[in-house]
Amino acid sequence: MPPRHRAVDPAAALLTAYAASARINQYLVEQLSPAIWRVPPPGGKGRTIAALVAHLHNCGLRYLERTDPEAVPGELDRSKVTAAQAMRALGAKGRAVVRIVGAALVDGRRIVGYPHTAVHYLTYYMIHDAHHRGQIVLLARQLGHPISQRTMIGMWQWARRAAELGR
């Protein structure tokens, strides 16, 4: 007889994956050199790391506010945000998404204004965030401050990062 495996709750597994992704956003910002936070990209075109992080945070907030206006963090100003402010806001957004989208999944509701299901909301923003993390890692290297191997490995420690979001 094959070994028995515990049944996986798909909604809980998705929320855990999102929590890991959200915490990785914070983790990456924590590890960045402050010297490159507002440095324009080579060639002068494109977003600074501060602007990329603000964009990463701001995307999706409107849908959360429409669904549950309580405890949704405000937008970040890409020209003024500090790394410390960004880290706090990213953590607050991650917790808000887990709470609001988690309730929508349990209740079978949609995220207000979002044209797809709550599952799509989570997967879309995990992919969106990963794309911009890649841009941040590349830009840090281009600006002469590559992300350390330790940090790169840490970005793949999903179970650890998911557990950290709740703290």
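I will go through the main pocket of this structure and then its nonpolar cores. Keep in mind that this is a predicted model.

Start with the pocket. The largest one has a volume of about 200 Å³. Around it sit Ile-24, Ala-130, Arg-133, Gly-134, Val-137, Met-152, Met-155, Trp-156 and Trp-158. By character, that lining splits into 7 nonpolar residues, 1 polar and 1 charged. The charged one is Arg-133 and the polar one is Gly-134, with glycine counted as polar here.

Which helices supply at least two residues each to this lining? They are helix 5, residues 118-142, and helix 6, residues 149-155. Helix 5 contributes the most, with 4 residues.

Now the cores. The largest nonpolar core has 25 residues, and the members touching the most others are Leu-28, Leu-32, Trp-37, Ile-49, Val-53, Val-81 and Ile-136. At least two residues of this core come from each of helix 1 (10-31), helix 2 (49-58), helix 4 (83-107) and helix 5. Helix 2 has the largest share, 6 residues.

Take Ile-49 from that group. Leaving aside residues up to four places away in sequence, what does Ile-49 touch? Its contacts are Leu-32, Ile-36, Trp-37, Ile-136, Leu-139 and Ala-140. Of these, Leu-32, Trp-37 and Ile-136 were also on the list of residues that touch the most other core members.

Apart from this core lies another one, of 24 residues, including Ala-20, Leu-64, Ile-111 and Ala-162.

To recap, helix 5 gives the most to the pocket lining, and helix 5 also supplies at least two residues of the largest core.

Notes. Residues numbered from 1 in each chain as written. Predicted model: local features only at pLDDT ≥ 70, side-chain atom pairs only at ≥ 80, totals over all residues. Heavy atoms only, no water. 1 Å grid on protein atoms, 1.4 Å probe; cavity = no way out; pocket = protein on both sides within 12 Å on 5 of 7 lines; lining within 4 Å. Points joined across faces, edges and corners; volume = space filled by probe spheres on them. Core = buried A, V, L, I, M, F, W, Y, C linked by side-chain atoms within 4.5 Å. Buried < 20%, exposed > 50% of the residue type's maximum accessible area, 1.4 Å probe, protein only. Contact = heavy atoms within 4.5 Å.
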